[in-house]
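Q: Please take a close look at a single part of this model, the salt bridge and its surroundings. Which residues take part, and what lies around them?

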Amino acid sequence: MEDNLFVSLLKTLNRRELARFAELVGSPFFNKQPDCLAYITLLQTNYPDFDLQPTHIFSKVYPDIKTFKFAKIHHLNSKMVQLLTIFFSQLSLEANPAEQTQLLLTQLSQRQHEKQFWRVWQQANLAFENDEILDAQQLKYCSTLQNSANHWQSQTKGHQTANHLQAQSKYFDAYYLA
């Protein structure tokens with residue numbers, strides 16, 4: 001198979017990542033097209049070279065269609081690039097729990113779910129405070145965490161409390177000094 005965009009991206013995955021990508025492709029939350037699952041299953045058996053001809057791929061993925069259609073393969077590769085992009089985003093989120101927490105807090109704030117917002121915020125704040133090593137990224141995270149609390153306070157009460165402002169200034173000072 002020629003190295004199209006999908007194949008060139010796929011070749012950057014190790015065997016474990018390829019298996020996890022196949023799980024994502026098989027998830028109805030991310031993909032509802034059975035041809036994508038058939039395609040990744042076929043490609044897994046040809047790791048790491050992926051040396052398959054388009055006509056062979058077509059015959060395995062679309063066994064009921066007798067006439068080869070390059071446009072279907074092209075569309076399939078495009079869909080797979082989209083799924084691989086989602087997979088890369090998922091890997092990035094897994095590698096950055098602080099970003100996960102911040103995105104969750106944003107969702108809870110937008111949905112105005114105060115109880116869960118504060119539960120998540122307190123857990124994140126406690127985890128941060130228990131960590132003895134403070135680098136610039138952690139300080140930025142704590143500042144962002146505090147901003148989330150301030151944003152929630154301003155949404156629900158119309159003002160920021162003195163305690164939250166004091167905590168925020170402490171982290172800003174430490175962040176800018178670092």
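A: E94 is partly exposed, its relative accessible area being 43%. In this predicted model, the side chain of E94 meets that of R20 in a salt bridge, with 2.5 Å from N to O. R20 is likewise partly exposed, at a relative accessible area of 24%; the cut-off for a buried residue is under 20%. E94 belongs to helix α5 and R20 to helix α2, so the pair ties together parts that lie 74 residues apart in sequence. The count of salt bridges comes to one.

The two helices joined in this way also contribute to the nonpolar core. The largest such core has 27 residues, and those that touch the most other members are F6, L10, F21, Y39, I40, L43 and M80. At least two residues of this core come from each of α1 (5-10), α2 (15-26), α3 (34-44), α4 (54-61) and α5 (70-95). Helix α5 provides the largest share, seven residues.

F21 shows how these parts come together. Beyond its neighbours within four places in sequence, F21 is in contact with F6, L10, L13, I40, M80, L83, L84 and F87. Another core, of ten residues, lies apart from the largest one; F117, W118, A124 and L145 are among its members. In soluble globular proteins, nonpolar side chains tend to be buried together.

Notes. Residues are numbered from 1 along each chain as its sequence is written. This is a predicted model: local features need pLDDT of at least 70, side-chain atom pairs count only at pLDDT 80 or more; totals for chains, interfaces and linings use all residues. Side-chain values use heavy atoms; hydrogens and water are left out. A nonpolar core is a set of buried Ala, Val, Leu, Ile, Met, Phe, Trp, Tyr and Cys residues joined through side-chain atoms within 4.5 Å. Buried means under 20% relative accessible area, exposed over 50%, partly exposed in between (1.4 Å probe, protein chains only). Helices (H or I, at least four residues) and strands (E, at least two) are DSSP runs, numbered from the N terminus. Contact means heavy atoms within 4.5 Å. A salt bridge is a side-chain nitrogen of Lys or Arg within 4 Å of a carboxyl oxygen of Asp or Glu.
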